[in-house]
Amino acid sequence: MTIRLYLDHRSGSCRRVLSVVKHLGINLEEVFVNLLAGGTQSEDFLALNPAGMVPVMTDEYPNGNRFVLSEASAIMIYLCEKYDGYTLWPKTDDRFQILKWMFWAAEHFRQPAPIYFEEKFIAPIMGGQENVPRLAEAKHLIEKHAPILETHLENRAYVVGDSVTLADYDLAAPLSQMSRSHVPYDHYPNIMKWATNLETNNMAWRETGKILNAGMEQVTAG
Ligand SMILES: N[C@@H](CCC(=O)N[C@@H](CS)C(=O)NCC(=O)O)C(=O)O
């Protein structure tokens, strides 16, 4: 009964899930889906996730039925519950604070980073020009939302409680491409301090960051 994780290691959303896998020492099968070669748009992949996005996870029930799950946050929670990852996803009311930050990350905090990535990194590679109004809108979103996390992280090493939880992984993911996207989180010292602490001291996050960067370096090298 193998769990399969369909992913591209260069994706911040896949990094969120892979970090849980590494953190909990889960043994599963990774299936590489090449984002840059349109792998998420193949017929087979769309049958798994009609949204055409990685990550996707499949698991098998003892009766042989297949369970298919997309959306990184849902997969992260599934894995924590299946593999007793109750430090990342505690059974106390803290889980609702974690969930709050995960929803907030999805609806607000993570929105601008992919826009910076597409305009500042992908567009030049494709021989295009950055879309200035689109970037201005993304900057506006950062200025609106990042101060909320910045204030929350004053004197805090982690988003909820005293150790890393799913909230940290969900919120830190959009900083993964910062050296390429130039998304301006560096204007927020508490966010940078928290993210640096995670990169330095959380083995799973550090390892998946290295994997992501190695993959991106191959892209840059052509
Ligand atoms: N809401 C999804 C977002 C996942 C997502 O944005 N995946 C991107 C890679 S980071 C993707 O697969 N994009 C393919 C495409 O847009 O064609 C989640 O949290 O899992």
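**Entry 1. The largest pocket**

I began with the largest pocket, which holds about 1200 Å³ of space. On a 1 Å grid over the protein atoms alone, a pocket is an open set of points with protein on both sides within 12 Å along at least five of seven lines, and lining residues have an atom within 4 Å of a point. A volume is the space filled by probe spheres set on the points, which are joined across faces, edges and corners.

I noted that 37 residues line the largest pocket, and that Ser11, Ser13, Met53, Val54 and Pro114 are the closest to its centre. Helix H1 (12-24), helix H5 (112-125) and helix H10 (203-221) are the elements that give two or more residues to this lining. H5 provides the largest share, six residues. By class, I recorded 18 nonpolar, 13 polar and six charged residues in the lining of the largest pocket. Ala, Val, Leu, Ile, Met, Phe, Trp, Tyr, Cys and Pro count as nonpolar, Asp, Glu, Lys and Arg as charged, and the others, Gly among them, as polar.

The model is predicted: local features need pLDDT of at least 70 and side-chain atom pairs pLDDT 80 or more, whereas totals for chains, interfaces and linings use all residues. Residues are numbered from 1 along each chain as its sequence is written, and side-chain values use heavy atoms, without hydrogens and water.

**Entry 2. Domains**

I then asked where the largest pocket lies with respect to the domains. The largest pocket lies between domain 1 (4-82) and domain 2 (94-221), because both give residues to its lining. The domain assignment of the protein chain gives these two domains, 4-82 and 94-221, and such bounds come from an automatic or database assignment. Taken over C-alpha atoms, the centres of domain 1 and domain 2 are 20 Å apart. I also recorded that 17 residues of domain 1 are in contact (heavy atoms within 4.5 Å) with 23 residues of domain 2.

**Entry 3. Ser13**

From the residues closest to the centre of the largest pocket I chose Ser13. Ser13 belongs to helix H1. Its relative accessibility is 27%, so Ser13 counts as partly exposed; with a 1.4 Å probe on protein chains only, buried means under 20% relative accessible area, exposed over 50%, and partly exposed in between. Apart from its neighbours within four places in sequence, Ser13 is in contact with Val54, Pro55 and Ala72. Of these contacts, Val54 is also listed among the residues closest to the centre of the largest pocket. I further noted 20 Å between the C-alpha atoms of Ser13 and Lys82, which are 69 residues apart along the chain.

**Entry 4. The second largest pocket**

I turned next to the second largest pocket, with a volume of about 170 Å³. Its lining has 14 residues, and Arg15, Leu175, Ser176, Met178 and Glu199 lie nearest its centre. Helix H8 (178-181), helix H9 (189-201) and H10 each supply at least two residues of this lining. H9 gives the most, four residues. I counted the classes in the lining of the second largest pocket as six nonpolar, five polar and three charged.

**Entry 5. Arg15 and the cavity**

Is Arg15 buried or exposed? Arg15 has a relative accessible area of 3%, so this residue is buried. Arg15 lies in helix H1 and, leaving aside its neighbours within four places in sequence, is in contact with Ser176, Glu199, Trp205, Thr208, Gly209 and Leu212.

I searched the whole structure for cavities (sets of points where a 1.4 Å probe fits but cannot get out) and found one of 30 Å³ or more. The largest cavity holds about 30 Å³ of space. Arg15 is part of its lining, together with His9, Cys14, Leu18, Thr208, Ile211 and Leu212. H1 and H10 each supply at least two residues of this lining. The lining of the largest cavity has four nonpolar, two polar and one charged residues. Domain 1 and domain 2 both give residues to it, so the largest cavity lies between them.

**Entry 6. The chain as a whole**

Finally, I looked up the overall make-up of the protein chain, which has ten helices and four strands. Helices (H or I, at least four residues) and strands (E, at least two) are DSSP runs, numbered from the N terminus. In order from the N terminus, the elements run β-α-β-α-β-β-α-α-α-α-α-α-α-α. The C-alpha trace spans about 55 × 45 × 25 Å along its principal axes. Of the 222 residues in the protein chain, 48% are buried. Among contacts with a separation of 6 or more, 66% come from residues 24 or more positions apart.
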